[in-house]
Amino acid sequence: IKRIRTHHLREMKQRGERISMLTSYDQLTAQIFDEAGIELLLVGDSASNNVLGNSTSLPITVDELIPMTRAVSRSVSRAMVVGDLPFGSYQASPEQGYLTAVRFMKEGGAHCVKLEGGVEMAPQIERMTRGGIPVMAHIGFTPQSEHALGGYRVQGRGETAERVLRDALAVQEAGAFAVVMEMVPGDVAAEVTAELDIPTIGIGAGNRCDGQVLVWQDAFGLRTGRLPRFVKQYADLRSVLLDAARTYDAEVKDGSFPAAEHTF
Ligand code: KIV
Ligand code: NA
């Protein structure tokens with residue numbers, strides 16, 4: 001496959017092949033993750049709290065996220081680049097959402113966009129799809145609604161499982177090509193995955209989704225400390241960088257860097 005398209009993802013689901021997705025917000029991680037074979041790179045609004053220094057995803061703006069989207073889309077040759085629509089940039093109306101999504105496609109070079117919400121976002125998804133923009137939905141726990149949902153909590157436990165299934169069916173019906181499910185019980189996510197024709201991408205949603213997504217700084221250990229239970233740490237980049245920075249600092253201060261071979 002030269003470039004990942006929405007139909008490839010659907011075919012992967014039909015063949016029972018898993019789909020991998022990571023966040024990326026810059027040129028070099030985009031190149032590395034693309035080379036590794038990751039199908040989907042999400043320029044997440046999680047850049048708010050992983051790049052820009054905020055404590056949640058709420059404050060990031062369209063103008064802040066579009067340059068990162070452009071950096072990623074310029075840097076991949078195979079991966080599909082997902083532009084994540086920031087809080088407040090699409091909820092007001094389908095027209096608002098469409099115009100924001102167009103900016104991510106034109107200015108950011110995104111190949112598709114992602115928005116949070118189920119049944120209530122069906123008009124937005126329909127409008128974007130009708131206007132030629134592939135949409136990935138995001139249901140279950142939706143971080144932009146943290147304050148409305150009463151904090152970070154698993155969605156779809158007990159009687160509310162029905163709600164997750166309703167949201168999933170609504171976004172599929174509205175035209176979404178895939179759906180992220182965040183912090184949903186594994187059994188519920190498995191049922192939704194079996195019911196849908198479009199691929200499901202889980203984060204904290206167990207092992208029976210069609211794919212998985214993680215924030216790269218969490219997965220590769222650049223961020224440490226208290227992390228959600230659904231994160232697996234595949235590397236310890238924080239230690240690697242901390243050691244390198246300390247060694248550099250020491251060598252600058254003791255005069256051993258730069259040596260003769262670094263000098264003209
Ligand atoms: O912004 C983000 O990183 C996300 C995912 C983790 C799904 O929306
Ligand atoms: Na996001």
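Me: Helices here are DSSP runs (H or I) of at least four residues, numbered from the N terminus. With that settled, what does Gly255 do just after helix 11?
Reply: This is a predicted model. In it, Gly255 takes a positive phi of about 80° just after helix 11.

Me: And what span should helix 11 have?
Reply: Helix 11 covers residues 237–254, which is 18 residues. At 1.5 Å a residue, the expected span is 26 Å, and the end C-alpha atoms are 26 Å apart, so the two values agree.

Me: How many residues of helix 11 are buried?
Reply: The number is zero out of 18, so helix 11 lies largely in the open. The cut-off for a buried residue is 20 or more other C-beta atoms within 10 Å of its own.

Me: Changing topic: which residues surround ligand 1?
Reply: The residues around ligand 1 are Thr23, Leu42, Gly44, Asp45, Ser46, Asp84, Val180, Ile203, Val213 and Val215. By character, this shell divides into five nonpolar, three polar and two charged residues.

Me: Where does UniProt place the feature "binding site"?
Reply: The UniProt record, an unreviewed entry, places that feature at Asp45, Ser46, Asp84 and Lys114. These positions are spread over 70 residues of sequence, yet they cluster in space, with a largest C-alpha distance of 12.5 Å.

Me: Take Ser46, then. Is Ser46 buried or exposed?
Reply: Ser46 counts as buried because 20 C-beta neighbours lie inside 10 Å. Ser46 is found in the loop between strand 2 (40–43) and helix 3 (47–50).

Me: What is Ser46 in contact with, leaving aside neighbours within four places in sequence?
Reply: Ser46 is then in contact with Thr23, Ser57 and Val215. Both Thr23 and Val215 also belong to the residues around ligand 1.

Me: And where is Lys114?
Reply: Lys114 is in strand 4, residues 112–116. Since 26 other C-beta atoms lie within 10 Å, Lys114 is buried. Not counting residues up to four places away in sequence, Lys114 touches Leu42, Val82, Asp84, Leu85, Met136, His138 and Val180.

Me: One more residue: is Arg153 buried or exposed?
Reply: Arg153 is exposed, with 10 other C-beta atoms within 10 Å. A residue counts as exposed at 12 or fewer. Arg153 lies in the loop between helix 7 (146–149) and helix 8 (161–174).

Me: How many Å apart in space are Arg153 and Val231?
Reply: From C-alpha to C-alpha, Arg153 and Val231 are 15 Å apart, while in sequence 78 residues separate them.

Terms used
Residues are numbered from 1 along each chain as its sequence is written. Chains are lettered from A and ligands numbered from 1 in the order in which they are written. This is a predicted model: local features need pLDDT of at least 70, side-chain atom pairs count only at pLDDT 80 or more; totals for chains, interfaces and linings use all residues. Helices (H or I, at least four residues) and strands (E, at least two) are DSSP runs, numbered from the N terminus. The expected span of a helix is 1.5 Å times one less than its number of residues. A residue is near a molecule or strand if its C-beta atom, placed from the backbone, lies within 6 Å of it. Ala, Val, Leu, Ile, Met, Phe, Trp, Tyr, Cys and Pro count as nonpolar, Asp, Glu, Lys and Arg as charged, and the others, Gly among them, as polar. UniProt positions are given in the numbering used here, feature names are shortened, and annotations may be inferred rather than shown by experiment. Two residues are in contact if their C-beta atoms, placed from the backbone, lie within 7 Å.
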